[in-house]
Amino acid sequence: MDYSSYISLAIYFVVMLAIGLFAYRNSTDDISGYILGGRQVSPQVTALSAGASDMSGWMLMGLPGAMFVIGFDTIWIALGLLIGAWFNYLLVAPRLRVYTQEADDALTLPDFFSKRFEKKNGSVRMISAAVIILFFTLYTSAGLVAGGKLFESAFGLSYQLGLVITVSVVVAYTLLGGFLAVSMTDFVQGCIMFVALVMVPIVAFQEFNNGTEMMAQANHTIVPLSESVEKMSLLAIVSSMAWGLGYFGQPHIIVRFMAIRSVKDIKTARNIGMSWMLVTILGALATGLIGVAYVNKFHPGLQDPETIFILFSEILFHPLVSGFLLAAILAAIMSTISSQLLVSSSSLTEDVYRAVFHKDIDEKKLVNIGRLGVFAVAAVATLLALDSDSSILSLVSNAWAGFGAAFGPLVLFSLFWSKMTHSGAVAGILTGAITVLLWILLPVLPDGKTLSSVIYEIVPGFIISSTAIVLVSHFSQDPSHSVQKTFHATREKLQQAG
């Protein structure tokens, strides 16, 4: 690869580390500033930070790769994600922003659940913290797999060295600046991703005479759109669109809603965030579709469909631009990893260490414990990512389903149903997480297949979790008067905010 590409990447790394240093110097020394940025994040940064941390490496590698392999069926996943993100902004964002502050300034999702039911250090807090640490470690490993593949494919480095470079830079700026650094870097990374996912499919399309030729080449490999719609079963469509259910339970996304400076800013964040998401998802799908046609026409020797974006970056652009586009992949990867590391560390620090062992610990010491938590989660995730044959989309789908089923129903019921009980919340988390794990792991079907080959595990997980919450809440003790009072105070503040 030309040295110009290395220069572009070096500039990117320097900018990320500089932002981390800036955030370190400008953030507060208390745990609230480290975890939530003091709840003073602008709507612009909130929107792009939520989008960038959401999409990760699967946006530039997993989703184009899925389009390359399974064709137009991938559109249903994209549609489900867009609908889910819209309702997440509409239903969860405003209520969670107000309620977490009303509930004694809850700083993490498990902390909110605990204070929502007035169960200080109750079962719901410990269990939800454990689920976060478990699934985020898996989720983080998916991002590191993408980083390793990028350096292996684009730079000829070993996969393992690519892992080390990726995790080192992310850990450095996350350790330094906490939530402020993560949000600011996410904003920059979101801008880079946006430009890249507009630029690459447009330039790649210029290699064909017209759209008809491009589609003709693509249809040599993938089923045409009309046939895809006719052949896809209702169960398969539901399974694909169910990805959208996951948004309600993703801690690294909804924590952005907790940190935005005002509930009135959420509408602005929603408009920016959804516009960004629509363009980038269309760009990712177009990259995969045009990639199929390009490979069929020019036979460039693509080894891994998930690296089609990397192939376009290397072949179609000047090395200096190519470096920028590869930085876009790193941006997508690192934005999600940093968010996941911070949320995992926050749970280790706030929901386990302080809640169980040191309730009166000094704030500065707690921030340092949080930094150690970032390092610990990153180390475990790196070990899990050593298998270079792991599929990015597969790893992401498992973790996404785990969070969506364990936390999605709980978040919605917490915000909309005042009669949900602590026992119902615990039942919802456990049944959702366990259902997803069983769906993924148990080879109960012929040929050793699991139930996830029939329908995406988030569907049964979400349904069973919701059912458990309602049934257990119905047969357990009603919430206290003060819990009901906080719930209604939240509703009144939302009505006042419009």
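This text walks through the predicted model, from the whole fold down to single residues.

The model is predicted, so local features need pLDDT of at least 70 and side-chain atom pairs count only at pLDDT 80 or more, while totals for chains, interfaces and linings use all residues. Numbering runs from 1 along each chain as its sequence is written, and side-chain values use heavy atoms, with hydrogens and water left out.

Start with the overall build. The protein has 19 helices and 0 strands. Its radius of gyration is 22 Å, close to the 23 Å that the globule rule gives for 498 residues, so the protein is as compact as a globular protein of that length. That radius is taken over C-alpha atoms, and the globule rule is 2.2 Å times the number of residues to the power 0.38. Helices (H or I, at least four residues) and strands (E, at least two) are DSSP runs, numbered from the N terminus. Along the principal axes, the C-alpha trace spans about 70 × 50 × 45 Å.

Next, the packing. Of the 498 residues, 58% count as buried. Buried means under 20% relative accessible area, exposed means over 50%, and partly exposed lies in between (1.4 Å probe, protein chains only). Contact means heavy atoms within 4.5 Å. Among contacts between residues at least 6 apart in sequence, 85% join residues at least 24 apart.

Now the surface and the charges. The accessible surface comes to about 19,100 Å², and 64% of it belongs to carbon and sulfur atoms. These areas come from the Shrake-Rupley method with a 1.4 Å probe; for residues, only the protein chains shown count as cover. The protein carries 27 positive and 31 negative charges, and their mean positions are 12 Å apart. Lys and Arg count as positive and Asp and Glu as negative, whereas His and the chain ends are not counted. Each charge is placed at NZ of Lys, CZ of Arg, CG of Asp or CD of Glu.

Turn to helix H12, residues 266–298. H12 has 33 residues and reaches 46 Å from its first C-alpha to its last, close to the 48 Å expected at 1.5 Å a residue. The expected span is 1.5 Å times one less than the number of residues. Thr 287 lies in this helix. Thr 287 counts as buried because its relative accessibility is 0%. Leaving aside residues up to four places away in sequence, Thr 287 touches Pro 64, Leu 197, Val 200, Pro 201, Ile 308, Phe 309 and Phe 312.

Follow the chain out of H12. Just after the helix, His 299 takes a positive phi of about 50°. His 299 does so although it is not a glycine. Most residues other than glycine have a negative phi. His 299 sits in the loop between H12 and helix H13 (308–316). His 299 counts as exposed, because its relative accessibility is 61%.

A second positive phi belongs to Asp 447. Its value is about 65°, and Asp 447 is not a glycine either. Asp 447 is in the loop between helix H17 (422–441) and H18. At 77% relative accessibility, Asp 447 counts as exposed.

Past that loop comes H18, residues 458–474. H18 has 17 residues and reaches 24 Å from first C-alpha to last, close to the 24 Å expected at 1.5 Å a residue. Its buried residues include Phe 462, Ser 465, Ser 466 and Ile 469.

Those four residues meet helix H16 (residues 392–416), where Pro 409 is found. Pro 409 touches Phe 462, Ser 465, Ser 466 and Ile 469, as well as Gly 404, not counting residues up to four places away in sequence. Pro 409 and Ser 466 are 57 residues apart in sequence and 5.5 Å apart in space, C-alpha to C-alpha. Pro 409 itself counts as buried, at 1% relative accessibility.

Two further sites close the tour. Ser 114 lies in helix H5 (residues 109–116). Ser 114 is buried, with a relative accessible area of 2%. The C-alpha atoms of Ser 114 and Ala 284 are separated by 39 Å, and the two residues are 170 apart along the chain. Lys 231 is in helix H9 (residues 225–231). At 63% relative accessibility, Lys 231 counts as exposed. Lys 231 and Tyr 247 are 16 residues apart along the chain, with their C-alpha atoms separated by 28 Å.
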